[in-house]
Amino acid sequence: MLSDVTTPQDLDDRLREALAALAGPAERRDPAAPLRTGTGLTGAQALALFDAQVTSRQLDLAGRWLRSFGEGFYTIGSAGHEGNGAVAAALRPTDPALLHYRSGAFYCLRAAQAAGTFPAASAGEDDEGTDEADVAVPPDAAEHRSTEAGESVREALGVPVEADDTPAREPLRVPAAVAAPSVPVGAGVAVDAAGEAVVGVPVAAPTAEGPHRTGREPGRPDGDADRDVDGGDANRDVEDAYTEAARDVLRGMVASAREPIAGGRHKVFGRADLAVIPTTSTIASHLPRAVGLGLALERLRRGGRRTGPPVRIGGGDRPVDGPWPPDAIVVCSFGDASVNHAGATAAFNTAGWYDHTGLRIPVLFVCEDNGLGISVRSPQGWVAATLRSRPGIRYFAADGGDPVETYRVAGEAAEWVRRHRRPAVLHLTTVRLMGHAGADAETAYRSTAELAADAERDPLLATARLLVAGGVATGEELLARYAERGWQVRRIAEEVLDEPKLASPAEVVAALAPRRPARIARAVADAAARAAGPDSAARVELFGGKPPELAGPLTLAQSVNAALADGMLDHPHLVVFGEDVAAKGGVYGVTKGLRDRFGPARVFDTLLDETSILGLGLGAGTAGMLPVPEIQYLAYLHNAEDQLRGEAATMQFFSSGAFRNPMVVRVAGLAYQEGFGGHFHNDNSVAVLRDVPGLVIAVPARPDDAAPMLRTCLAAAAVDGSVCVFLEPIALYHTRDLYTEGDGEWLAEYAEPGAWAAGHVPIGRARVYGVGSAEDVTIITFGNGLRMSLRAAATLADEGVGTRVVDLRWLAPLPVADIIREASATGRVLVVDETRRSGGVGEGVLAALVDAGYVGAARRVAAIDSFVPLGPAAGQVLVSEEAITQGARTLLAR
């Protein structure tokens, strides 16, 4: 029995018995003909769909088998959801897809499409349109009421609401794989497209012997242990695209380092040449990215073509308009329980919001509704009511157990989105077979009758019945295909067991966040050469005849503004967006004038939702743009942290660099605002950012650091796909003086392009200020702490104490080498940390000192573990200049 390998209802045996019991067709029919009148799904396509579904089912069985002897690490399967294979068949293999974790059949069929082995559509299928009367649509879905934001963006893109935007049909073609930033060669050495060595994922030789295996192999019928693996129908070659797709998935299950997308780091559906973008979320956190990707695709399609130096896509150096065809649409699938998630709500709302303004977003959401979120039931009718009620999103529905209906409705939905470039949702009803995962005992929350009813709705059986009724195959023939595919999957499972695993920390983190400082420095130098050379006239015109280096000393805010303008001139696909950044120019004026200079398509206001703002950035970066979203206040970022942690920072890690989402997130933050505050506007918490692996965190304190650090972040995003957080201290935005009123010592000249290369600030390098002899004490700080520490150092100098003040500038990665060097120079270290004692930056600095064997004296001054209160009370919990001075004196007294 298979009970201990699959489920109590023995799904494999049930399906075999059901297939064997199917009567033969009354007559054979031409497989090239439609299976039903009025549908485009042919017999040949249905047979190929059946193979995709069978492959997916056998993969589920293989996952349980591998887990039974401890060699499989992932058992969430697609059983019952195989109807999504028909959704894949209705789309093009060049439509980027972000897939739910029950998308095995979709993935397998997409592989066949990309390989060119999925049968062609029947004659006239492409001419079928959507019958408007047959599709439910919310009453206000077609109503477009102009808003200032929507009107300005439409005007910039040339998008009149009434225009016929039907794109020309292009032939199906598979784009070249999005180039990865490194290609493993030899024993772990990798080179990028330019031949520069980078850390790669080594490919070790397989071991001679695999693990001891127990239990029944997937697809193996009882008593057939000696059957030839290559037996069965001699006319069928099972070494096909489905086989390779199965190998991909099985490698993910066993964490093989040869798995083609994540390289053994996770089991995901993803492959660049299949336009399948990996998602690690089990719920809806990938939906905001899908919306951003749709917005970016439409911008690229509508004349946002590249006219300047390339922003590198997926690690390649080729100047491209985007990795997918101009009329591509985005497909994004998720489960019914996910409609309740904040990420889904944000994505639906954003898609509808932009649609309401007349801005087109070609996204097809696919909700696969099996009625359960692990053990929690979706209330009857809730999912349909929720999806139907979304304004601006067209609603389609189909029975995922009926392949003909699914293919027809999915085709209608896809073509509607493709033609109108507007969002739609396909509500696909499914069943869930074999539980949520291998450890899930469904009998604890589902009745036997319910489980049996779902087994009867097995989509594989539905496709088989359709094939038999359509005169395409007999039940025995389909059983043979099922068994043959099972043997093939079993053989591949045996093979991948012996493949190498990631065997060192270096291998695991190789794809996390590549750092190529030489290339970044060269990119900055190249930008400087363009600004001083071919772009010089345009640059002078951009700044109204007076470039910023001729404008005199600038504040921190003015320096950031000028650097953004220079960056936008150099990167034609750089876009700045967020709340109030366009017409208003930001609540602190940092983006003032950028919309007037570059237009509302490149500088635009968004709706008030941080999850959606970051989602737009994620999608734009994946499509090849260079997004610079703004989060208005640091405290607001906490509403959307998972978009950075779970989506942005993981993309290169879980795709081995095949996909990237370069992004520079500007965040106004930290404390010390006078006359304005409270913990939302004076937030000093950065611990959640420093905990995200691979994230770059820059904190410019001075104007002469802000511009070069921003240029570094933009170059890192373009060159290495880095995700950078550019944290700007609000209290220093407009600060002009350092020691006395009117001294102007917190202002700085903006460097002319010829000085950019020499003034380049590499990621992870600190800046040191010497005050007095600089021999007695080292103060390590950042942000607002720099200004307070310099003032404290001046006081100490009057007392004969020489101080080294170290501005970290980068909170991740910390400038450890600079920290150790400057600490050792005096033997006394005072860490001034404006964040909190618990989880603050100071903890990391002290840990770096301890790890390096520092034996001198050390002391810390940090904010109290408290939210920042309003008004003068803030001074009771924040670091003060007096506390810094006294802390240094205490160190010197030891």
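Contact here means heavy atoms within 4.5 Å, and a residue is called buried when its relative accessible area is under 20%. The views below are taken from a predicted model.

**View 1. The buried side of helix H25 and the elements that pack against it.** Helix H25 covers residues 816–826. Its buried residues are Asp818, Ile819, Glu822, Ala823 and Thr826. These residues cover an arc of only 120° around the axis, so they lie on the same side of H25. Packed against them are strand S18 (767–771), strand S20 (803–807) and helix H26 (841–851), together with strands S19 and S22. The face turned away from this buried side carries Ala817 and Ser824, both of which are exposed.

**View 2. The two ends of helix H25.** Ahead of the helix, a loop joins strand S21 (810–812) to H25, and proline 813 is located in this loop. The peptide bond that leads from alanine 812 to proline 813 is cis, with an omega near -10°. Just after H25, glycine 827 adopts a positive phi of about 75°. As background to this view and to View 4, most peptide bonds are trans, and most residues other than glycine have a negative phi.

**View 3. Helix H27 and its covering elements.** Helix H27 consists of twelve residues, 881–892. At 1.5 Å a residue the helix should span 16 Å, and its end C-alpha atoms are 17 Å apart, which agrees. Which residues of H27 are buried? They are Glu881, Ile884, Thr885, Gly887, Ala888 and Leu891. Seen down the helix axis, these residues fall within an arc of 160° and therefore line one face of H27. The elements covering them include strand S19 (777–781), helix H24 (784–798), strand S22 (828–836) and strand S23 (857–863). Strands S19 and S22 also appear in View 1, where they pack against the buried residues of H25.

**View 4. Two loop residues with positive phi, arginine 421 and serine 656.** Arginine 421 is found in the loop between helix H10 (403–420) and strand S11 (424–429). Its phi is near 60°, a positive value in a residue other than glycine. Is arginine 421 buried or exposed? Arginine 421 counts as buried because its relative accessibility is 0%. Serine 656 belongs to the loop that connects helix H21 (641–648) with strand S15 (663–669). The phi of serine 656 is near 50°, again a positive value in a residue other than glycine.

Methods. Residues numbered from 1 in each chain as written. Predicted model: local features only at pLDDT ≥ 70, side-chain atom pairs only at ≥ 80, totals over all residues. Heavy atoms only, no water. Helix = DSSP H or I, 4+ residues; strand = E, 2+ residues; numbered from the N terminus. Buried < 20%, exposed > 50% of the residue type's maximum accessible area, 1.4 Å probe, protein only. Expected span 1.5 Å × (residues − 1). Arc of directions from axis to C-beta.
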